[in-house]
Amino acid sequence: SGKLYLVPTPIGNLEDITIRAKKVLTNADYIAAEDTRTSGILLEKIGVHNRMISFHKYNSKERAPELIKLMQDGATIAEISDAGMPVISDPGYILVQECIKNNIPVVPLPGPSAFATALIASGFDAQPFTYYGFLPRKSSEQKPYFKQMSDFRGTSIFYEAPHRLAKTLKTLASVLPADRQMVAARELTKIHEEFVRGTVSEVSDYFAENAPRGEFVILISPNTEEAKQLSWKELIALVNDLVDQG
Ligand code: SAM
């Protein structure tokens, strides 16, 4: 029977397509692409000529059974998103789930993803980390996530659109300690690749003054606060106080 290949594509630099990805895209019976126009340009540039089927978050529910049928009839389908890894803050999850249900092999290819690329250059410990993808848009709904990041003893990572970044960082700075370290990784693998590193308050102030442009990954350093340890003397004093209070 057929197969589903999950194929990562570049997040900026076209040379990041792998030899294997190109081979799989060339040999597949169909390429299921999130945006056939965007992917058409990419495939043209990397020299892949193949049939495309549109598969995005608005048609994935109806399209998934059709793709499953094709694979049951023996077709191999290579799934790609606009950039980076399919399924990572992109469509694909439903199709993978359906393949598993229908005993169709799922073959993932390794390759670029913005969050992992940003993480390895952040300078923060990569174990453990939490990846949130895009947060909700409303400040009130973002705050519980920022509280989690504030407490988390690992690195927190999320994506944000440039036009929302300044406001989101302002909300972030209202929840996290001002001296917590963070990184804004911008335009990874592209000409204007940049890392804005500093405390939560410094980076938030920076983007309040310099309008964010391009694509961003935001990383928050682990919480390294020592759990408060009382000395024996302090502990005995505390117990005595409590006893005095009855
Ligand atoms: N599937 C992609 C991946 O594997 O990273 C993510 C797709 S998501 C719809 C797009 C978001 O990823 C952007 O808004 C940005 O936050 C992040 N992103 C993608 N490419 C990037 C790049 N070159 N530099 C920084 N962030 C990037």
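Begin by selecting Ile17, which lies in the loop between strand S1 and helix H1 (19–27). The model on screen is a predicted one. Ile17 counts as buried because it has 22 C-beta neighbours inside 10 Å, where 20 or more are required. Display its surroundings next: apart from neighbours within four places in sequence, Ile17 is in contact with Thr9, Pro10, Lys22 and Ile46. Then add Gly84, whose C-alpha atom is 9.6 Å from that of Ile17, although 67 residues separate the two in sequence.

Gly84 leads to the ligand. Select the 22 residues around the ligand; Gly84, Ser113, Ala114, Tyr159 and Leu188 come nearest. Colouring this shell by residue class gives 12 nonpolar, six polar and four charged residues. Two elements to highlight here are helix H5 (114–122) and strand S10 (216–220), each of which supplies at least two residues of the shell.

Keep H5 and S10 selected and turn to the largest nonpolar core, which has 28 residues. Within this core, Ala118, Ala185, Val217 and Leu219 have the most contacts. At least two core residues come from each of H5, helix H6 (139–151), strand S7 (155–160), helix H7 (162–175), strand S8 (181–186), helix H8 (200–209) and S10. The greatest contribution is that of S10, with five residues.

Centre the view on Leu219. Residues up to four places away in sequence being left out, Leu219 touches Ala118, Leu119, Ser122, Phe124, Thr155, Ser156, Ile157, Met182, Val183 and Ala185. A second core, separate from the one just visited, comprises 22 residues; to locate it, select Leu25, Ile31, Phe55 and Leu95, which are among its members.

Now show the strands and select S1 (residues 3–6). S1 pairs with strand S4 (residues 76–80) in the parallel sense, over four bridges. In this pairing, Ile77 of S4 stands opposite Leu4. S1 also pairs in the parallel sense with strand S5 (residues 106–108), over three bridges. Select Tyr5 to find its bridge partner in S5, Val107.

Finally, select residues 3–203, where UniProt, in an unreviewed entry, places the feature "domain: Tetrapyrrole methylase". Over residues 3–203 the chain is 41% helix and 21% strand. A distance drawn between the end C-alpha atoms of this range gives 45 Å.

Notes
Residues are numbered from 1 along each chain as its sequence is written. This is a predicted model: local features need pLDDT of at least 70, side-chain atom pairs count only at pLDDT 80 or more; totals for chains, interfaces and linings use all residues. UniProt positions are given in the numbering used here, feature names are shortened, and annotations may be inferred rather than shown by experiment. A residue is near a molecule or strand if its C-beta atom, placed from the backbone, lies within 6 Å of it. Ala, Val, Leu, Ile, Met, Phe, Trp, Tyr, Cys and Pro count as nonpolar, Asp, Glu, Lys and Arg as charged, and the others, Gly among them, as polar. A nonpolar core is a set of buried Ala, Val, Leu, Ile, Met, Phe, Trp, Tyr and Cys residues joined through C-beta atoms within 7 Å. A residue is buried if 20 or more other C-beta atoms lie within 10 Å of its own, exposed if 12 or fewer, and partly exposed in between; C-beta atoms are placed from the backbone. Two residues are in contact if their C-beta atoms, placed from the backbone, lie within 7 Å. Two strands pair if DSSP finds at least two bridges between them.
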